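Work through these short exercises with the model open. Each task is followed by a solution in steps.

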Amino acid sequence: MYEYDEECLQVFLDRQGQLFDEPVAGTLEEAEAFLEDCMAVVVDSIQDVASYFQEEGVDVEGMSLEELEEASEVFALPSGKYLIVEG
């Protein structure tokens with residue numbers, strides 16, 4: 001099980017509207033529980049985002065790295081890492 005740091009949880013709380021019509025979490029604890037339930041992952045780079053999607057069978061052929069970064073499932077973290085939440 002992945003442990004989500006406070007940066008990751010706060011970014012998800014602040015920006016969950018990019019993926020969901022209604023909030024799914026209101027506190028850091030709720031955000032952590034939600035991310036654990038949906039098995040969200042944190043990767044080190046946008047190239048790792050592309051690799052993750054390819055491994056999961058998502059068609060990313062022809063998508064630029066910028067387009068991947070703008071995908072609703074991808075949350076850029078201030079540390080340079082990326083949170084991927086499949087809703």
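**Exercise 1.** Classify Met-39 as buried or exposed, then locate it and check its backbone.

*Solution.* This is a predicted model.
- Step 1: Met-39 has a relative accessible area of 64%. The cut-off for exposed is over 50%, so Met-39 is exposed.
- Step 2: Met-39 sits in the loop between H2 and S1.
- Step 3: Its phi is positive, about 55°, although Met-39 is not a glycine.

**Exercise 2.** Determine how H1 and H2 pack, and which residues make the contact.

*Solution.*
- Step 1: Two packed helices are described by the angle between their axes and by the distance between the axes.
- Step 2: H1 spans residues 6–15 and H2 spans residues 28–37. Their angle is about 95°, and the axes lie 9 Å apart.
- Step 3: Angles of 65 to 115 degrees count as roughly perpendicular, so H1 is roughly perpendicular to H2.
- Step 4: H1 contributes Glu-6, Cys-8, Leu-9, Gln-10, Phe-12 and Leu-13 to the contact. From H2 come Leu-28, Ala-31, Glu-32, Phe-34 and Leu-35.
- Step 5: Sorted by class, this contact has 8 nonpolar, 1 polar and 2 charged residues.

**Exercise 3.** Find the buried residues of H1 and the elements they pack against.

*Solution.*
- Step 1: Cys-8, Leu-9, Val-11, Phe-12 and Leu-13 are the buried residues of H1.
- Step 2: They pack against H2 and against three strands: S1 (41–43), S2 (74–76) and S3 (82–84).

**Exercise 4.** Describe the largest nonpolar core and the place of Cys-8 in it.

*Solution.*
- Step 1: The core holds 16 residues. Tyr-4, Cys-8, Phe-12, Leu-35, Leu-83 and Val-85 touch the most other members.
- Step 2: H1 and H2 are the elements that give two or more residues to this core. H1 gives the most, with 5 residues.
- Step 3: Leave aside neighbours within four places in sequence. Cys-8 is then in contact with Leu-35, Val-42, Leu-77 and Leu-83.
- Step 4: Another core, of 12 residues, lies apart from this one. Val-60, Leu-68, Ala-71 and Tyr-82 are among its members.

**Exercise 5.** Why is there no bond between the sulfurs of Cys-38 and Cys-8?

*Solution.*
- Step 1: A disulfide needs two cysteine sulfur atoms within 2.5 Å.
- Step 2: The cysteine sulfur closest to that of Cys-38 belongs to Cys-8, 10 Å away. That is too far for a bond.
- Step 3: The disulfide count comes to 0.
- Step 4: Cys-8 itself is buried, with a relative accessible area of 1%.

Notes. Residues are numbered from 1 along each chain as its sequence is written. This is a predicted model: local features need pLDDT of at least 70, side-chain atom pairs count only at pLDDT 80 or more; totals for chains, interfaces and linings use all residues. Side-chain values use heavy atoms; hydrogens and water are left out. Axes are lines fitted to C-alpha atoms, for helices over the stretch in contact, and angles run from 0 to 180 degrees between N-to-C directions. Helices (H or I, at least four residues) and strands (E, at least two) are DSSP runs, numbered from the N terminus. Angles under 35 degrees count as roughly parallel, over 145 as roughly antiparallel, 65 to 115 as roughly perpendicular and the rest as oblique. Contact means heavy atoms within 4.5 Å. Ala, Val, Leu, Ile, Met, Phe, Trp, Tyr, Cys and Pro count as nonpolar, Asp, Glu, Lys and Arg as charged, and the others, Gly among them, as polar. A nonpolar core is a set of buried Ala, Val, Leu, Ile, Met, Phe, Trp, Tyr and Cys residues joined through side-chain atoms within 4.5 Å. Buried means under 20% relative accessible area, exposed over 50%, partly exposed in between (1.4 Å probe, protein chains only).
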